[in-house]
Amino acid sequence: MAYNRCINVNCLLSTVGYQAFASGHAPPSDLTKIDPEKVHDTPPFDEPGLKQIGDNEYELVMVLQSFGFTPNKVEIPQGATVKFIVTSVDVVHGFEIAGTRVNMMVTPGHVNSMTYKFNEKGEYLILCNEYCGTGHHVMSAQLEVK
Ligand SMILES: [Cu+2]
């Protein structure tokens, strides 16, 4: 094992650095693979949108494509816990909800997910934070917590 060959501080530091880098870019939620050419035919992305799965618990399935989110306007009740399930059909996009810790890289061929509870009412901006082309700056969606 490479780890056993770490007999000096530099080597240990680089191992730690590598692990931090790897976990940052390949979270456990990124393990599900999908054919990026068949996103619109592959559940759950064949029916993007909000689904209630429990008592004020929801799943929000979103498809990202240059330069928009589908759906691009969603309403949820205050206190809702939402599992965002996202993928991209073309290039790498970002999925960030301003003012929250929700921030994912969305890569074609992968399903990413993250769960967040919305305690505060208000309008939240979902935006792409990975440069994806000429329309990147207009790529956004709206989430309203009522
Ligand atoms: Cu973008």
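Buried here means under 20% relative accessible area. The model shown in these close-up views is predicted.

**View 1. Copper site formed by four protein donors.** The copper ion is held between Cys128 (SG), Glu130 (O), Cys132 (SG) and His136 (ND1), which lie 1.9 to 2.4 Å from the ion. Along the chain, these donors follow the spacing C-x1-E-x1-C-x3-H. The angles among the four donor atoms run from 84 to 123°, and the site is irregular. The limits for a tetrahedral site are 85 and 135 degrees, so the angle of 84° falls outside them.

**View 2. Burial of Cys132 and His136 at the copper site.** Cys132 has a relative accessible area of 12% and is therefore buried. His136 is also buried, because its relative accessibility is 17%.

**View 3. The largest nonpolar core.** This core comprises 27 residues, and those with the most contacts inside it are Met62, Phe69, Phe84, Phe95 and Phe118. Among the elements that give two or more residues to the core are strand 3 (57-65), strand 6 (81-88), strand 9 (110-117) and strand 11 (140-145). Strand 3 gives the most, with four residues. In soluble globular proteins, nonpolar side chains tend to be buried together.

**View 4. Surroundings of Met62.** Leaving aside residues up to four places away in sequence, Met62 touches Phe45, Phe69, Thr70, Pro71, Val74, Ile85, Val86, Thr87, Phe95, Ile126 and Ala141. Separate from the largest core is a second core of eight residues, including Ile34, Val39, Val61 and Val111.

Terms used:
Residues are numbered from 1 along each chain as its sequence is written. This is a predicted model: local features need pLDDT of at least 70, side-chain atom pairs count only at pLDDT 80 or more; totals for chains, interfaces and linings use all residues. Side-chain values use heavy atoms; hydrogens and water are left out. A nonpolar core is a set of buried Ala, Val, Leu, Ile, Met, Phe, Trp, Tyr and Cys residues joined through side-chain atoms within 4.5 Å. Buried means under 20% relative accessible area, exposed over 50%, partly exposed in between (1.4 Å probe, protein chains only). Contact means heavy atoms within 4.5 Å. Donors are N, O and S atoms within 2.8 Å of the metal (3.2 Å for Na, K and Ca); water is not among the atoms, so sites may look incomplete. Four donors count as tetrahedral if all angles lie between 85 and 135 degrees; four count as square planar and six as octahedral if opposite donors are over 155 degrees apart and all others between 65 and 115; anything else is irregular.
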